[in-house]
Each structure stands twice: as C-alpha cells, then as structure tokens.
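Trainee: I am new to this structure and would like to begin with one small part of it rather than with everything at once. Please take me closely through one residue and its neighbours, and then lead me outward from there.

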Amino acid sequence: MPPAETCYEQFHLGSDTFLRYQEFYGKKFDVREWTSAGSRRYPSKNGIALSMEQALRLLWIEDKVLDTLNNTSEPISEHIGANSYIDVNQNGSEIYRMNYCSNLGKSLKSHVRIELSNGQTRNILAYLNYCRDHVDDFSNYESCMESHNNQISYLTCANCMPEEHRQNSELYL
C-alpha cells in the first residue's frame, strides 16, 4: 500500500494548474492540471513531479528562463536533473521527462509532461523562490551539484540517495 499523501503548500499557477509541495514517496513539487467532477476536484494525468534537486536546478536557470520569456533571448532547452528537461520560448514552457526506447535506440519525450503559459512559468518560478525562502525542508536542502543524466546515476549517488534508501533501490537496478 502506498504511503499517504501529505500536502504542505499549494499554489495556483493559473487556469486549472497548481504547484503543490507535498510528501508522497519523498518530498516533491507536483505541477499538475486539475479537473472537476461535480463539486470535487481531482488531479489529472497532465503533470510532472519535481524532486527538490530538480526544483533547485530550475531556480538556478531562472535568469535564462525569464530572459527567454521576455523575448530577449533565444528559446532554450535545459536539463534539470535525472531524466527531466524544460523547454522555454516566449509563449511559455514545457517540463517533461525523457525515456530511453531500446527498440529505436534513442531517447524520446514521455507522456509525463506539462505545458505552461508564459504567466504560469513566471508563477512557478515565483512560488519556488517563495518555498526556498519559507519552507524549511527546501531552504535547508543541500544540493548535490552532480549532473545525473539518468535515473540510475541518481539512485546510485551517495549524496542524493541516503544509504537506507539506496539499499531499497538496488532492487530496481
């Protein structure tokens, strides 16, 4: 049985899209569209969960992202850790995962992604800055600074994966 989800903070990014700082298999930032069914709201499949490391890397490239959104630089595509990337142009951004397809021998965009407007992209950066300044877990987070190009390098990194978690993750390697 999966652990219960605990939501610490929730921020409205615009439209039906929210950024949630939550604990569900570790602390994560979940960027997701929500749908309505009657009087209840539910998270949709359109979204992506970012680790603390990925959220921090997104803040490291904040100036590049804002320059692109302001149309003062060319569109960018940046690796933000593990198998996650962000593409930014003046209209907004797309955060997505890449998966290796052994049949084709190359990496392809997965269905795990979210497209954000210019305003939503600005809001996510503002809310991540807020979390960095006001959420203890995030402001005290020690970043690894390694470039984890894939999930295996993340799972085997002594800085990112404490020993007790690494032993459990070896089942998947």
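A close look at one residue

Mentor: Let us start with Val112, which is in contact with Gly47, Ile48, Ile95, Tyr96 and Arg97 once residues up to four places away in sequence are set aside. Please keep in mind throughout that this is a predicted model. Val112 belongs to strand β8, which covers residues 106-117. With a relative accessibility of 25%, Val112 counts as partly exposed, because the buried class takes in values under 20% and the exposed class those over 50%. One of its partners shows how the fold brings distant parts of the chain together: Val112 and Ile48 are 64 residues apart along the chain, and yet their C-alpha atoms are separated by 5.9 Å.

A second partner, Ile95, leads us further in. With residues up to four places away in sequence left out, Ile95 touches Val112 together with Arg113, Ile114 and Leu116, and its other contacts are Ile48, Leu50, Leu58, Ile80, Tyr85, Ile86 and Ile124. Ile48 is therefore a partner of Val112 and of Ile95, if we follow the definition of contact as heavy atoms within 4.5 Å. The largest nonpolar core has 29 residues, and Ile95 is among those that touch the most other members, along with Phe29, Leu58, Ile124 and Phe138. Helix α1 is the element that contributes the most to this core, with five residues. As a general background, nonpolar side chains in soluble globular proteins tend to be buried together.

Helix α1 deserves a careful look of its own. This helix spans residues 52-60, and since eight of its nine residues are buried, it is largely enclosed by the rest of the structure. The buried residues are Met52, Glu53, Gln54, Ala55, Leu56, Arg57, Leu58 and Leu59, a list that holds nonpolar residues such as Leu58 alongside the charged Glu53 and Arg57. One of the elements that α1 meets is helix α3, residues 118-134, and the two axes come within 10 Å of each other while crossing at roughly 115°. The crossing of α1 with α3 is left-handed. On the α1 side the contact is made by Ala55, Leu58 and Leu59, and on the α3 side by Leu125, Leu128, Asn129 and Arg132. Sorted by character, the residues of this contact are five nonpolar, one polar and one charged.

Helix α3 also connects us to helix α2, in which Leu66 is found. Leu66 touches Arg122 and Leu125, again without residues up to four places away in sequence, and Leu125 has already appeared in the contact of α1 with α3. Leu66 counts as partly exposed, with 23% relative accessibility. Its C-alpha atom lies 9.7 Å from that of Asn89, a residue 23 places away in sequence.

Thr68 is in α2 as well, but at 1% relative accessibility it counts as buried. Beyond residues up to four places away in sequence, Thr68 is in contact with Ser73, Glu74, Pro75, Ile76, Val88, Asn89 and Gln90. Between Thr68 and Asn118, which are 50 residues apart along the chain, the C-alpha separation is 9.8 Å.

The loops offer a further set of residues to look at. Asn83 sits in the loop that joins β5 (76-79) to β6 (84-89), and with a relative accessible area of 16% it is buried. Among its contacts outside the nearest four places in sequence are Tyr96 and Arg97, which are also partners of Val112. Ser15, in the loop between β1 (6-14) and β2 (17-23), is exposed, with a relative accessible area of 62%. Although Ser15 is not a glycine, its phi is positive, at about 60°. Asn71 likewise has a positive phi, near 65°, in a residue other than glycine. Asn71 lies in the loop between α2 (62-69) and β5 and is exposed, with a relative accessible area of 53%.

Finally, we can step back to the whole chain. Its secondary structure consists of six helices and eight strands, arranged from the N terminus as β-β-β-β-α-α-β-β-β-β-α-α-α-α. The chain has 173 residues, of which 39% count as buried. Among its contacts with a separation of 6 or more, 36% join residues 24 or more positions apart, and the pairing of Val112 with Ile48, 64 residues apart, is one example of a long step along the chain.

Key. Residues numbered from 1 in each chain as written. Predicted model: local features only at pLDDT ≥ 70, side-chain atom pairs only at ≥ 80, totals over all residues. Heavy atoms only, no water. Buried < 20%, exposed > 50% of the residue type's maximum accessible area, 1.4 Å probe, protein only. Helix = DSSP H or I, 4+ residues; strand = E, 2+ residues; numbered from the N terminus. Core = buried A, V, L, I, M, F, W, Y, C linked by side-chain atoms within 4.5 Å. Axes fitted to C-alpha atoms, helices over the stretch in contact; angles between N-to-C directions. Left-handed = near helix turned anticlockwise from the far one by under 90°.
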